[in-house]
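Visitor: Hello! I am new to this structure, so could you walk me around it?
Guide: Gladly. Let us put it on show and take your questions one by one.

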Amino acid sequence: MQTEEFTLVRDMLRSFATRHRVGSADEVTPRTRAAARQALDELGLAELRRSSPPAATVQECALLAEEHGRQPLTTSLLGTALLAPELSRLLGITAPTSLPTIALARDLRFPAQHPSPLVAWDCDAADGALHVAPDGTVRQVALGPPTRTADLLRSVRAVPDDGEGEIVGRLGAEAGQRWQSYALVVVTAELVGAVDAFVELSTDYARDRRQYGKRIGSFQAVQHLLADARVLVEACASATRYAAWCLDHEPVDRALTAARVAKAEVNTSAVEAVYTGMQVFGGIAQTWEHVAHLYLRRVLVGADLLATTADLLTTLAEPAPDKSSPADTGALTPTAAEPETIR
């Protein structure tokens, strides 16, 4: 995509996000979801990674995901507009007849070697989900009833247990690594946008909030907290943007390593930074009416999404796999038992 074209697309997304952001949990209603979904569909972002070669680079898609994360939005940009089209493209399906999202394990991590219940993640307006098994087999599965998740902005639905779905293709070793790298980068980029925006909000609040006759931003302790949070945000952004660059320019095994490092960094640093923002806001951030907990929920859920820090560090510490093995897709195997409820 030319620079001018990407700037136009990004500005369109920013305008959309400003119009359709929610200001509190009470604004998350079927009506607001439907209006935002229709407006997002009109932007045509699902076409960015559907063709081969794609219309947009991974770096551009990551920046769009970051922009989407900056506002509390109910739309499924990641699931239906960025991740599912990329998976379809890797399978050679350039003209899908449905609008799928992706299916994950019940704990919202990459599906493990052992069979486990699935959920369709980020599935607003989706009519199916694509499930990538550890061996690279991709199935299209049906959607069941909505299920609860701590992220109030995200739609998650159960996948019925009475069928394995229709096999639509299989990812080879390199395609499987590319898919996993792309998914990690896009999800991580949205978390970067969310924590960046939240630290900005808390900084603005510190400039205005007065206590003991002075703005709390003039207190050195608050300044130190916010400065440390800003350093954490910049570390997250740097690691994530480098991982996106690697997917566009480096071999896929190196890109996968960079994506895992970025997700591990964001899993820890973003949570610490958002906790800092909550401290600066103080008691008002603990109320249902305030927007703070929407950011907090997104970051906390996102820190375990696809792969936890334990998953990533364990995999990164392992010796490099034998490239001669066609079955190796660089899959992550969850190291902890599945929880009974979805984060």
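**A tour of cavities, strands and helices**

Visitor: Which helix gives the most to the lining of the second largest cavity?
Guide: Before we start, please keep in mind that this is a predicted model. Two helices, H5 (173-208) and H8 (292-304), each supply at least two residues of that lining. With three residues, the helix that gives the most to the lining of the second largest cavity is H8.

Visitor: How many charged residues does the lining of the second largest cavity have?
Guide: The residues around this cavity include Asp151, Arg154, Glu190 and Arg298, along with others such as Trp121 and Gly302. By class, the lining has four nonpolar residues and one polar residue, and its charged residues number four.

Visitor: What is the volume of that second largest cavity?
Guide: The structure holds three cavities of 30 Å³ or more. For the second largest cavity, the volume is about 40 Å³.

Visitor: And the second largest pocket: which residues lie closest to its centre?
Guide: This pocket holds about 400 Å³ of space. Its lining has ten nonpolar, five polar and three charged residues. Of the 18 residues that line the pocket, the closest to its centre are Pro115, Ser116, Leu118, His131 and Glu164.

Visitor: Let us look at the strands. Why is E1 described as largely enclosed by the rest of the structure?
Guide: A residue counts as buried when its relative accessible area is under 20%. Strand E1 covers residues 100-105, and it is largely enclosed because the number of its six residues that are buried is six.

Visitor: Which residue in E3 is the bridge partner of Ala103?
Guide: E1 pairs with strand E3 (residues 128-132) in the parallel sense, over four bridges. In E3, the bridge partner of Ala103 is His131. You have met this residue already, since one of those closest to the centre of the second largest pocket is His131.

Visitor: Which residue in E2 is the bridge partner of Ile102?
Guide: Four bridges join E1 to strand E2 (residues 118-121), and these two run antiparallel. One of the bridge pairs matches Leu104 with Val119. For Ile102, the partner in E2 is Trp121.

Visitor: Are the residues Leu118, Val119, Ala120 and Trp121 of E2 buried or exposed?
Guide: Leu118 and Ala120 point one way from the strand, while Val119 and Trp121 point the other way. Whichever way they point, all of them are buried.

Visitor: Which residue in E5 stands opposite Ala120?
Guide: E2 also pairs with strand E5 (residues 156-158), in the antiparallel sense and over three bridges. Opposite Ala120 in E5 stands Arg157.

Visitor: Now to the helices. At which residue does the kink in H4 lie?
Guide: Helix H4 (residues 77-90) reaches 19 Å from its first C-alpha to its last, close to the 20 Å expected. The helix is mostly covered, with 13 of its 14 residues buried. Shortly before the proline Pro85 there is a kink of about 30°, and it lies at Leu83.

Visitor: Which residue takes a positive phi just after H4?
Guide: The helix itself covers residues 77-90. Just after H4, the residue with a positive phi, about 85°, is Gly92.

Visitor: One last stop: how many of the 36 residues of H5 are buried?
Guide: H5 reaches 53 Å from its first C-alpha to its last, close to the 52 Å expected. The helix is largely enclosed by the rest of the structure, because its buried residues number 26.

How values were computed
Residues numbered from 1 in each chain as written. Predicted model: local features only at pLDDT ≥ 70, side-chain atom pairs only at ≥ 80, totals over all residues. Heavy atoms only, no water. 1 Å grid on protein atoms, 1.4 Å probe; cavity = no way out; pocket = protein on both sides within 12 Å on 5 of 7 lines; lining within 4 Å. Points joined across faces, edges and corners; volume = space filled by probe spheres on them. Nonpolar A, V, L, I, M, F, W, Y, C, P; charged D, E, K, R; others polar. Expected span 1.5 Å × (residues − 1). Bend = angle between axes of the 7 residues up to and from the residue. Buried < 20%, exposed > 50% of the residue type's maximum accessible area, 1.4 Å probe, protein only. Pairing = 2+ DSSP bridges.
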